[in-house]
Amino acid sequence: VAQQLRDLAAPREPGMVVWRRTVDRLQEDGWAQPVEPEQGAGDHAQGEDKEELTAVVIEENGVRFRLVLGQGQKSGHYCDQRDNRRMVAELCQGRDVLDTFCYSGGFAINAAKAGARSVVAIDKSLPAIQLGLENAELNNVSDRIHFQRESALDYMLECIANGKTFDVVVLDPPKLAPSHLHLERARNQYLKLNRAALRCVRPGGLLLTCTCSSAMAQTGELLNVVRTASMEARRQVTVLRNSGAALDHP
């Protein structure tokens, strides 16, 4: 497989494949980790040379993103949310948007380019905020997005306390339930987040709530969490769409 990928990449410079391995998960599937060969002077595996070789700009739905292959979350870009970013962007023209757990600004930048009136992007990771700022500048929307380094839940609770609301809220947290063993604890976290997010949505507004935890998705538990959160937040909700990862996502 690796050789086939190299053959596909060869016609394009720099013609290389980066494999992000989760060793524990691979070993569960019977994969034995090979002994890594020592690197020679000409190898580019670390330091500034790797940064120079692996820094790329990709385009998705007409939006450009800078990423460094082998660094950051997953591949450096959450490709699985491609279709959902486009879907939400189509509903953001003239609206005030909150993108929580924004990472590199995927939803925020799509919304801004689609004509959102204002966009606030929240993430507690400094590298994520810095990457989001770079991507906003890359797409000429820096003046329409406010990036802020803060806990998403803390920010939403501050908004609730101050009466600040949004037309569109995106809630896309990291994996909170790595397995079914963590499901109950994760459910409580999802409940807190969704309850706060619903209270940040203006009447008639939209909430995109996501889970990348298969333990939540496969059991249908996220919808139950939203129902409970809506009752606790005293908000009436209507499910407009039940979406998932882009079709080419493994």
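These legends describe close-up views of one predicted model. In this predicted model, local features need pLDDT of at least 70 and side-chain atom pairs count only at pLDDT 80 or more, while totals for chains, interfaces and linings use all residues. Residues are numbered from 1 along each chain as its sequence is written, and side-chain values use heavy atoms, with hydrogens and water left out.

**View 1. Five strands form an open sheet.** The strand order is 5-4-3-6-7, with parallel pairing. Strand 5 and strand 7 (201-209) are the edge strands, and each pairs on one side only. From one strand to the next, the twist averages 15°. Strands (E, at least two residues) and helices (H or I, at least four) are DSSP runs, numbered from the N terminus. Two strands pair if DSSP finds at least two bridges between them. Strands of a sheet pair through backbone hydrogen bonds, either parallel or antiparallel.

**View 2. Strand 3 pairs with strand 6, and helix 7 packs on the sheet.** Strand 3 (residues 96-100) and strand 6 (residues 166-171) run parallel, joined by four bridges. Val97 stands opposite Val168 in strand 6. Helix 7 (residues 152-162) touches strand 3, strand 4, strand 5 and strand 6. Contact means heavy atoms within 4.5 Å. The direction of helix 7 makes about 150° with that of strand 3. Axes are lines fitted to C-alpha atoms, for helices over the stretch in contact, and angles run from 0 to 180 degrees between N-to-C directions.

**View 3. Strand 4, helix 6 and strand 5 make a right-handed β-α-β unit.** Helix 6 covers residues 126-138. Strand 4 (residues 118-123) pairs with strand 5 (residues 145-149) in the parallel sense, over five bridges. Ala121 stands opposite Phe147 in strand 5. Right-handed means that, with the strands pointing away from the viewer, the path from the first strand over the helix to the second runs clockwise.

**View 4. Glu60 lies buried in strand 1.** Strand 1 covers residues 55-60. Glu60 has a relative accessible area of 6%; buried means under 20%, exposed over 50%, and partly exposed in between (1.4 Å probe, protein chains only). The side chains of Glu60 and Arg85 share a polar contact of 2.8 Å. Such a contact is a pair of N or O atoms within 3.5 Å; within protein, one must be able to donate a hydrogen and the other to accept it, and residues adjacent in sequence count only if both atoms are side-chain atoms. Leaving aside neighbours within four places in sequence, Glu60 is in contact with Phe65, His77, Arg82, Arg85 and Asn110.
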